[in-house]
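I am opening a fresh notebook page for this model and want to record what I look up, entry by entry. The sequence and coordinates go in first.

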2 protein chains.
Amino acid sequence: MSKKSKVDPRIKRTNKYLRNALVELLKEKDVTSITIQEITEKAELTRGTFYLHYQDKQDFLMQSMNEVLEELIEQVKPKQNNEDSSEVEEKDESVSFLKLFEFIYEHASYFKVMLSDRGLPQFRSHMTEIVKKRVYGELISSIGEAEDGLGIPKDILISYITSAHIGVICSWLESDMKFSPAFMAEKLTSLTLLGPMRVAGLENKIKLPY
Amino acid sequence: MSKKSKVDPRIKRTNKYLRNALVELLKEKDVTSITIQEITEKAELTRGTFYLHYQDKQDFLMQSMNEVLEELIEQVKPKQNNEDSSEVEEKDESVSFLKLFEFIYEHASYFKVMLSDRGLPQFRSHMTEIVKKRVYGELISSIGEAEDGLGIPKDILISYITSAHIGVICSWLESDMKFSPAFMAEKLTSLTLLGPMRVAGLENKIKLPY
DNA sequence: AAACTTAATATACATAATGTTCATTAGTTT
DNA sequence: AAACTAATGAACATTATGTATATTAAGTTT
């Protein structure tokens, strides 16, 4: 049960070809209009081979999506303090957002198409859940489990922050990563902690309507 | 060129049936796996009738999406001051967010499915653009056209705020509109103006990592 | 290196959805 | 009532899907 599972290299190869073909096709057309035919053609495989591994298109899309996102979850997961370790690794929670940006940077072309409206809608919602968990974790570590007493319903707060994160990630991808992961992680954190207006330096120029 | 265009009532009827059928089907399965057959069947029309009006499924989806969203744009658009009017209607910009929530409330079941991952991905991106324009408008009215001098790149700022709005709208829809449009508009505005942490009352409890 | 095992291929086939055509019926407009 | 046009019904060619099977090729075991 160790790291290296003995998966037939032909299977690995086939999966790789299929996934690469998918990404290539997603650069040209949206996921809906891509057929299994096209995928296997571009992958230079038989259509029968596809059905040897996946039930249908949806199954294939979900599996390849999950592979990437499970890897992402691994990366972003805060290091669990080794119980035996004398050094408690009390690392900053927000480092995980840096790791998030770094991981996305590594797989930029995949994330870019999948988060665009050509990609699988489920990809976005899956990613949103992942980010939400992290946001939630950050908040709890700051304020405890306090259910209310907040000035605002918790789910609104969490949705606001989470979705803001996703939006910034998308715009970063669309700009072809104009800024470094570190820069993005820092800005994103201060946007949330200080609020967008204060970060922009517009604090006094705004009028509160209510 | 007045309001009422003389469109054959049969066409209106057909379109209505098709759109209703779509919404019904979207409650059960995702847009990808819905066929033209099913749509026309549920609408109790011939498949040939469908092709009388639309090129293909995508065309149909886009057209019905645009109908709804153009109506939304109309609603959300700030009233243009009548030049001749002695009373300049200097209404609060943020009223437009109230109108946004009210419109969505009226069409909740449609927005709910379309923004879910069963819906058209283009719907989300289209809506994001609409909201972005309004966010942009609000910002400019507060700070002028200032390109920089902001403490943060403008597109990051705009994306953060815009996407946060969409996220709050989605979570509101998913909760089946637990709160009133007015409540939502107010919370959303203060989240942005004051920042999520200040609104939540967590301002002092947080640690700034950088 | 030979024998075993399994992945990939080539091919064929049934099924389902698409998109088009056209004559006929039914509903609207003038 | 006549003219117009939308909707129907039916047929048809085309394309993608999903399944099955015998054969070839590649990887694993002994």
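The entries below go from conventions to folds, then to the chain pairing, the DNA and a few single residues.

**Entry 1, conventions.** I note that this is a predicted model, in which local features need pLDDT of at least 70 and side-chain atom pairs count only at pLDDT 80 or more, while totals for chains, interfaces and linings use all residues. Residues are numbered from 1 along each chain as its sequence is written, and chains are lettered from A and ligands numbered from 1 in the order in which they are written.

**Entry 2, chain A overall.** I looked up the secondary structure of chain A and found 10 helices and zero strands, where helices (H or I, at least four residues) and strands (E, at least two) are DSSP runs numbered from the N terminus. Of the 210 residues in chain A, 33% are buried; a residue is called buried if 20 or more other C-beta atoms lie within 10 Å of its own, exposed if 12 or fewer, and partly exposed in between, with C-beta atoms placed from the backbone. I also checked the contacts in chain A between residues at least 6 apart in sequence, and 63% of them join residues at least 24 apart, a contact being two C-beta atoms, placed from the backbone, within 7 Å.

**Entry 3, helix α5 of chain A.** Which residues of α5(A) are buried? I find Phe97(A), Leu98(A), Leu100(A), Phe101(A) and Ile104(A). Seen down the axis of α5(A), these buried residues fall within an arc of 155 degrees, so they line one face of the helix; the arc is that of the directions from the helix axis to the C-beta atoms. The helix covers residues 95–106, and its 12 residues reach 17 Å from first C-alpha to last, close to the 16 Å expected at 1.5 Å a residue, the expected span being 1.5 Å times one less than the number of residues. The cover over the buried residues of α5(A) includes α4 (57–76), α6 (108–115), α8 (154–174) and α9 (181–194) of chain A.

**Entry 4, helix α4 of chain B.** I then turned to α4(B), residues 57–76, where 20 residues reach 29 Å from first C-alpha to last, close to the expected 28 Å. Its buried residues are Phe60(B), Leu61(B), Leu72(B) and Val76(B), and, viewed down the axis of α4(B), they fall within an arc of 140 degrees, so they line one face of the helix. On the face turned away from that buried side I find the exposed residues Asp59(B), Glu67(B), Glu70(B) and Glu74(B).

**Entry 5, how the chains pair.** I counted 48 residues of chain B in contact with 48 residues of chain A. On the chain B side, α7 (121–143), α8 (154–174), α9 (181–194) and α10 (196–200) are the elements that give two or more residues, and α8(B) gives the largest share, 14 residues. By class, this side of chain B has 24 nonpolar, 16 polar and eight charged residues, with Ala, Val, Leu, Ile, Met, Phe, Trp, Tyr, Cys and Pro counted as nonpolar, Asp, Glu, Lys and Arg as charged, and the others, Gly among them, as polar.

What operation superposes chain B on chain A? I find a rotation of 180 degrees with 0.0 Å of shift along its axis, at RMSD 0.1 Å, with the copies superposed by least squares on the C-alpha atoms of residues with pLDDT of at least 70 in both. That is the relation of a two-fold axis. The same surface serves both copies, since 100% of the contact residues of chain B recur in chain A. Of the residues of chain B, Gly195(B) comes closest to the rotation axis, its C-alpha lying at 1.7 Å.

**Entry 6, the DNA strands.** For DNA strand D I list 21 surrounding residues, of which Thr35(A), Ile36(A), Arg10(B), Thr14(B) and Thr49(B) come nearest; a residue is near a strand if its C-beta atom, placed from the backbone, lies within 6 Å of it. The largest share of this surface, four residues, comes from α1(B), and by class the surface has six nonpolar, seven polar and eight charged residues.

For DNA strand C there are 20 surrounding residues, the closest being Arg10(A), Thr14(A), Thr49(A), Thr35(B) and Ile36(B). Here α1(A) gives the most, with four residues.

**Entry 7, single residues.** Glu129(A) is in helix α7 of chain A and is exposed, with 12 other C-beta atoms within 10 Å. Lys178(A), in the loop between α8 and α9 of chain A, counts as partly exposed, with 13 C-beta neighbours inside 10 Å.
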